[in-house]
Amino acid sequence: MKVSVTGLGIVSAIGMNLEENHNSLKTLKSGISKIELLSNLDKVFLGGEIKLTNKQLAEIAFLNEKNQCLPRSLLLSLIAAKQAWGDSKPSKSIRTAIIGSTTIGGMDLTEDYFKTKRNIHSLENHPCSVVTDYLSDYFQLDGFKTTISTACSSSANGIMLGARMIKNNFADRVLVVGGDALTHFTVNGFNSLLIYDSELCKPFDNNRKGLNLGEAAACVVLENEKSISITKNKKIATVLGWGNANDAYHQTASSPNGEGAQKAMQLALEEANLSPSKIDYVNAHGTATSNNDLSEGRAIENIFGESQLFSSTKGYTGHTLAAAGIVEFIYSILSIETNTLFPLLNYNEKMSELKIRPISELKTDVVIKRVLSNSFGFGGNNTTLIIGE
């Protein structure tokens with residue numbers, strides 16, 4: 001059964017909607033700057049921060065005053081979901097599921113409570129499921145509902161699960177959302193792992209030093225033909241394949257030879273019934289950490305050879321954790337729609353361990369029909385999606 005994408009929504013450090021994100025990508029505009037809204041960090045950090053307060057985000061989402069004490073990840077997710085959902089209505093004729101994905105949930109409110117000891121009821125919004133539950137009520141969805149939290153592959157797994165539900169006739173329409181806000185825990189936590197770059201991150205560069213975190217939320221609507229015949233939504237793209245593999249190598253590091261990443265890509269190609277030569281572009285996970293880029297680079301090289309077109313877009317947004325998979329899924333669709341490949345930012349020197357070389361200049365003279373997008377999480381939870389026209 002065909003899985004069509006019919007709705008897109010996104011907010012990130014490079015734009016508060018799809019058009020703004022696209023304009024930033026094609027003009028090579030990064031959203032990474034000094035993190036300012038989080039106080040009392042261990043030091044000065046660069047990150048893909050959305051320069052709006054929670055109150056301003058609530059106003060954009062048209063929420064009233066009493067609803068403004070909501071987690072930042074939820075506010076971001078609601079804005080993105082409203083963009084993707086549009087004027088769609090609940091329908092008893094359409095089995096609609098909702099899948100949320102986040103690693104933060106309401107952690108920002110919990111941090112604020114332990115700092116100020118004000119509003120103990122905010123702790124009720126700590127669980128990751130708060131985003132899914134709120135959006136389910138907001139859009140009046142009473143079908144299947146779940147939340148996925150598999151670190152940086154969370155929202156990619158959400159898309160994979162939604163696609164599988166449609167393919168196997170468990171749902172007609174699925175609203176998939178992924179959102180994470182910056183928090184003290186994540187910024188200081190990644191810094192404690194010694195993988196946070198004090199300068200702008202440099203994915204797949206020989207002198208890369210680590211990542212910059214970012215915050216974002218994105219949403220896609222997936223539908224089958226039955227649902228589309230009722231909603232009359234326009235088909236934007238197709239989910240062709242998906243694969244998930246766990247290399248179980250380390251709690252936070254990928255296997256040096258990329259076994260898990262390679263397996264996830266192979267499974268996705270098998271699901272899509274495609275040979276590697278049919279993939280026009282790879283949107284790599286590309287975190288700019290020493291371990292990830294080497295592991296993923298070797299996996300790409302092993303499957304596709306030395307001439308594969310690939311890049312990472314994390315130099316624009318920072319690493320948006322649970323949102324990364326769905327953000328880059330949408331960027332992959334933009335590549336297909338516009339036949340444009342968005343290059344690495346801050347790239348200077350090819351990695352000495354690899355033969356392949358990433359895209360370092362904007363490409364507008366290519367035909368892009370199929371894109372493979374990678375998202376790899378802690379614990380070796382590796383997910384690959386393949387998107388087509």
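Two strands are taken to pair if DSSP finds at least two bridges between them. By this criterion, in the predicted model described here, strand E4 and strand E6 (residues 173-180) are paired, with six bridges joining them in a parallel arrangement.

The chain as a whole contains twelve helices and twelve strands. For its 389 residues, a compact globule would be expected to have a radius of gyration near 21 Å, and the value of 19 Å found for the chain therefore agrees with such a form. Along the principal axes, the C-alpha atoms occupy a box of roughly 55 × 55 × 40 Å. Of the 389 residues, 60% are buried. Contacts across the sequence follow a clear count: where the two residues lie at least 6 apart in sequence, 77% of the contacts join residues at least 24 apart.

The exposed area of the chain amounts to about 15300 Å², of which carbon and sulfur atoms supply 49%. The chain carries 37 positive and 39 negative charges, and the mean positions of the two sets are 4 Å apart.

Ten strands form an open sheet with mixed pairing, in the order E5-E4-E6-E7-E1-E8-E12-E11-E9-E10. Strand E5 (145-148) and strand E10 (310-311) stand at the edges; each has a single partner strand, so one side of each is left without a neighbour in the sheet. In general, strands of a sheet pair through backbone hydrogen bonds, in either a parallel or an antiparallel sense.

Within this sheet, strand E4 (residues 96-101) is mostly covered, six of its six residues being buried. The cover extends to both faces of E4: Thr96, Ile98 and Gly100 are buried on one side, and Ala97, Ile99 and Ser101 are buried on the other. Besides the six parallel bridges to E6, E4 forms four bridges to E5, also in the parallel sense. Glycine 100 takes part in both pairings: valine 177 stands opposite this residue in E6, while threonine 147 is its bridge partner in E5.

An antiparallel pairing occurs elsewhere in the sheet, between strand E8 (residues 237-246) and strand E12 (residues 381-388), which are joined over eight bridges. In this pair, asparagine 246 is located opposite asparagine 381 of E12. The sheet thus includes the parallel pairing of E4 with E6 and the antiparallel pairing of E8 with E12, in keeping with its mixed character.

Note on methods: Residues numbered from 1 in each chain as written. Predicted model: local features only at pLDDT ≥ 70, side-chain atom pairs only at ≥ 80, totals over all residues. Heavy atoms only, no water. Helix = DSSP H or I, 4+ residues; strand = E, 2+ residues; numbered from the N terminus. Rg over C-alpha atoms; globule rule 2.2 N^0.38 Å. Buried < 20%, exposed > 50% of the residue type's maximum accessible area, 1.4 Å probe, protein only. Contact = heavy atoms within 4.5 Å. Areas by Shrake-Rupley, 256 points an atom, 1.4 Å probe, with all protein chains shown as cover. Lys, Arg positive; Asp, Glu negative; His and termini not counted. Charge placed at Lys NZ, Arg CZ, Asp CG, Glu CD.
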